[in-house]
Amino acid sequence: MSRDRGPRRLRRLDRSVLMAASVTALSLTASGCVVVHGEREVLPGATADEAAKALQDFTSAYNEADKSYDSALDADHVTGPLAAIDEARLKAGNVNNPGGNPNHSPLEFSDVEYTIPKKAGWPRWFLANAKANRGGDARWLLVFTRDGLADQWEASYLTLVAPDKVPEFKKDKDGWAEALPVDSAEFTMNPAELGKNYVTYLQKGGDGFADGAHTSLWRQEREKDKERPGLVTQYIDEPLTDGDYAPVALRTADGGALVFFTTHHYEKQTAAAGTSVPAPGADVEALTTGEIKQSLTMEFVSNQVALDPKKGSGAQEVTVLGRIQGLTSAKGE
């Protein structure tokens with residue numbers, strides 16, 4: 001399976017909206033893991049040592065890229081929504097500080113827990129749950145994925161979650177977790193449909209999602225923005241579900257699912273006749289094409305992690321535990 005490397009990683013998105021392995025009978029690998037009929041056998045996605053090295057390699061590359069504001073330095077260690085957000089952040093930083101990040105402070109992780117599911121076929125993936133030297137007490141949840149033995153592990157999802165909100169996972173006697181097929185009807189929402197249902201909720205409200213910062217409060221904030229005098233704000237929201245943007249899910253100890261999923265958002269601000277759009281910040285300007293006169297359209301990628309209860313468990317609403325959103329481009333008109 002080939003890897004989607006668009007903006008580099010957003011090639012598959014239609015930017016006209018608003019702007020716009022199989023491996024058989026392989027011998028012992030360098031990691032010490034034997035893979036036989038890798039496309040069919042249910043196997044751990046990684047060894048504990050591989051997972052630890054993947055996090056270490058990601059952290060080193062991330063710090064080098066952040067220090068220099070150079071996305072080429074960690075491009076081989078990120079993919080999917082995290083890559084889209086990270087590349088845009090570094091691009092804006094480089095425009096505003098071409099000599100590098102004057103406020104660079106190395107990211108460090110501690111108290112790392114790895115949840116490694118067993119699954120058949122590729123891609124294979126695992127979850128790292130860590131404490132970082134930023135973000136307060138929040139736990140950093142990073143999903144690492146790869147498409148084959150010859151590929152490098154890349155971080156695709158990153159969300160921050162309160163320590164007491166991270167669920168326990170179902171594990172077998174050997175400590176391996178259970179990766180879930182996202183197209184499953186055993187949960188309150190089919191995990192494959194979470195992104196679509198989430199953007200519908202953001203647009204129209206309704207039932208299905210528990211109140212919180214990333215659901216009801218976010219809708220309230222957007223409604224307030226629409227009411228600003230002299231400025232009309234419009235939103236377009238859509239799910240991202242293909243390739244490295246596809247959702248992934250782990251079985252929780254209570255039978256539910258922890259689901260990581262991606263969404264794509266446009267926010268267009270249009271000023272009343274005779275006025276202009278409020279000046280954006282330097283980072284927005286760095287990612288903006290065109291001249292900002294009467295309108296500004298901003299494009300965002302957002303990755304979320306949610307608890308999706310098992311049907312009949314008593315809990316009937318999906319709870320969005322964490323969300324990280326990043327501006328990826330903008331257009332002035």
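In what order do the four strands of the open sheet line up, and is their pairing parallel or antiparallel? In this predicted model, the order is 2-4-5-6 and the pairing is antiparallel. Strand 2 (109–115) and strand 6 (154–161) sit at the edges with a single partner strand each, so one side of each is left without a neighbour in the sheet. Direction ignored, neighbouring strands here are turned by 25 degrees against each other on average.

Taking the strand 2 edge in a bit more detail, its link to strand 4 (residues 124–132) is made up of five bridges, and the two run antiparallel. Within this pair, Tyr114 stands opposite Ala128 of strand 4. The sheet also has a helix lying across it: helix 1 (residues 48–68) crosses strand 2, strand 4, strand 5 (139–146) and strand 6. Relative to strand 2, helix 1 runs at about 135 degrees.

Zooming out for a moment, the protein has five helices and 13 strands. Of its 333 residues, 50% are buried. The protein exposes about 15,200 Å², and 49% of that area is supplied by carbon and sulfur atoms.

Further along the chain comes a hairpin, built from strand 9 and strand 10 with five residues between them. Gly255 sits in the turn and has a positive phi of about 95 degrees. Four bridges hold the antiparallel pair of strand 9 and strand 10 (residues 257–271) together, and Leu250 stands opposite Leu258 of strand 10.

What about the two faces of strand 9 (residues 248–251): which residues cover each side? In a regular strand, side chains alternate between the two faces of the sheet. In strand 9, Val248 and Leu250 lie on one side, with Ala249 and Arg251 on the other. All four are buried, Arg251 included, and both faces of the strand are covered.

Just ahead of this hairpin, the loop between strand 8 (231–240) and strand 9 holds Asp244. Is Asp244 buried or exposed? Its relative accessibility is 9%, and the cut-off for buried is under 20%, so Asp244 counts as buried. The side chain of Asp244 also has a polar partner, as a polar contact of 2.7 Å joins it to the side chain of Thr79.

Terms used
Residues are numbered from 1 along each chain as its sequence is written. This is a predicted model: local features need pLDDT of at least 70, side-chain atom pairs count only at pLDDT 80 or more; totals for chains, interfaces and linings use all residues. Side-chain values use heavy atoms; hydrogens and water are left out. Two strands pair if DSSP finds at least two bridges between them. Axes are lines fitted to C-alpha atoms, for helices over the stretch in contact, and angles run from 0 to 180 degrees between N-to-C directions. Contact means heavy atoms within 4.5 Å. Buried means under 20% relative accessible area, exposed over 50%, partly exposed in between (1.4 Å probe, protein chains only). Accessible areas come from the Shrake-Rupley method with a 1.4 Å probe; for residues, only the protein chains shown count as cover. A polar contact is a pair of N or O atoms within 3.5 Å; within protein, one must be able to donate a hydrogen and the other to accept it, and residues adjacent in sequence count only if both atoms are side-chain atoms.
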